[in-house]
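Hi everyone, thanks for coming. Let's put the structure up on the screen and walk through it together.

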Amino acid sequence: MPPGFGAPSRIPPGISGGNFSKLHIYDSGILAPDWTGGLSGLGYGNSAIDVGVSLIVLERSFVKGSRTDIDDTCSGNPAHWSPPPGINAPGSTVVVLDSHVQGGDMGRFQFLQWPTPQDCDPSNCPLLPGGIGISCAVLYHAGSTIEGGRGAQWSNCLSGGQGSFFCCQSPPGAPLQVGSEIPLQDDLQIIGPIRL
């Protein structure tokens with residue numbers, strides 16, 4: 001945590017829990033709560049789905065992790081931040097059908113190492129990517145979009161009340177962090193209980 005900041009804040013995930021055998025979500029929008037005000041210092045986002053279950057099935061749904069941000073872009077560089085995955089289920093099997101999953105976004109920050117506070121150098125843009133789309137042990141998917149969250153937006157920070165301006169943007173996060181990925185036919189549909 002950069003010096004001078006208070007304890008980091010974290011908002012809860014959209015869905016969390018465990019001690020049940022499976023989670024089946026269909027025709028839904030699952031969005032982790034996002035920062036809308038009252039943020040003090042560092043504010044970590046969270047996953048839309050963060051569960052410890054053996055099987056997650058997602059059908060015809062939209063899932064997105066929340067943004068990781070800070071209340072003052074001119075306070076310095078965030079170190080070792082990692083936005084949350086859209087779905088965080090490291091030991092689970094996840095099945096995604098006709099759905100869209102996106103990792104959490106990064107906020108906007110000041111890069112203190114531009115040549116001068118007034119400058120910015122897009123070729124020297126810091127690497128602070130967005131969150132992973134899905135983190136799980138085994139992923140089956142068909143007819144779906146799975147993508148990482150938006151990378152950090154970087155600005156300079158002018159003194160004397162002049163404000164700051166956009167310089168560059170870090171790349172998006174990786175779509176997947178999985179042990180095994182198994183693409184399925186795009187026309188696959190579930191009729192009755194799923195069997196893997």
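**Confidence, fold and cores**

So, how confident is the predictor here? The protein averages a pLDDT of 84, and 80% of its residues score at least 70; pLDDT is the predictor's confidence in each residue, from 0 to 100. This is a predicted model, so local features need pLDDT of at least 70 and side-chain atom pairs count only at pLDDT 80 or more, while totals for chains, interfaces and linings use all residues. Residues are numbered from 1 along each chain as its sequence is written, and side-chain values use heavy atoms, with hydrogens and water left out.

Please look at residues 1-7, where pLDDT stays under 50. The model has 13 contacts beyond four places in sequence for that stretch, a contact being heavy atoms within 4.5 Å. Where pLDDT is low, the predicted coordinates should not be read in detail.

Now the fold. There are 17 strands and zero helices; these are DSSP runs numbered from the N terminus, strands being E with at least two residues and helices H or I with at least four. Among contacts between residues at least 6 apart in sequence, 78% join residues at least 24 apart.

Of the 196 residues, 44% count as buried. Buried means under 20% relative accessible area, exposed over 50%, and partly exposed in between, using a 1.4 Å probe and protein chains only.

Which residues sit at the heart of the packing? The largest nonpolar core has 19 residues, and Ile49, Ile56, Val63, Ile87, Val94 and Ile134 touch the most other members. By nonpolar core I mean a set of buried Ala, Val, Leu, Ile, Met, Phe, Trp, Tyr and Cys residues joined through side-chain atoms within 4.5 Å. Strands giving two or more residues to this core include E3 (22-26), E6 (49-52) and E13 (134-142), and the largest share, four residues, comes from E10. Val94 touches Ile56, Ile87, Ala89, Cys136, Val138, Leu139 and Tyr140, not counting residues up to four places away in sequence. Apart from this core lies another, of 13 residues, among them Leu42, Ile70, Phe111 and Trp154.

Last, two loop residues. Asn19, in the loop between strand E2 (15-18) and E3, has a positive phi of about 60 degrees although it is not a glycine. Asn19 is exposed, with a relative accessible area of 86%. Asp98, in the loop between E10 and strand E11 (100-102), has a positive phi of about 50 degrees, and is not a glycine either. Asp98 counts as partly exposed, at 37% relative accessibility.
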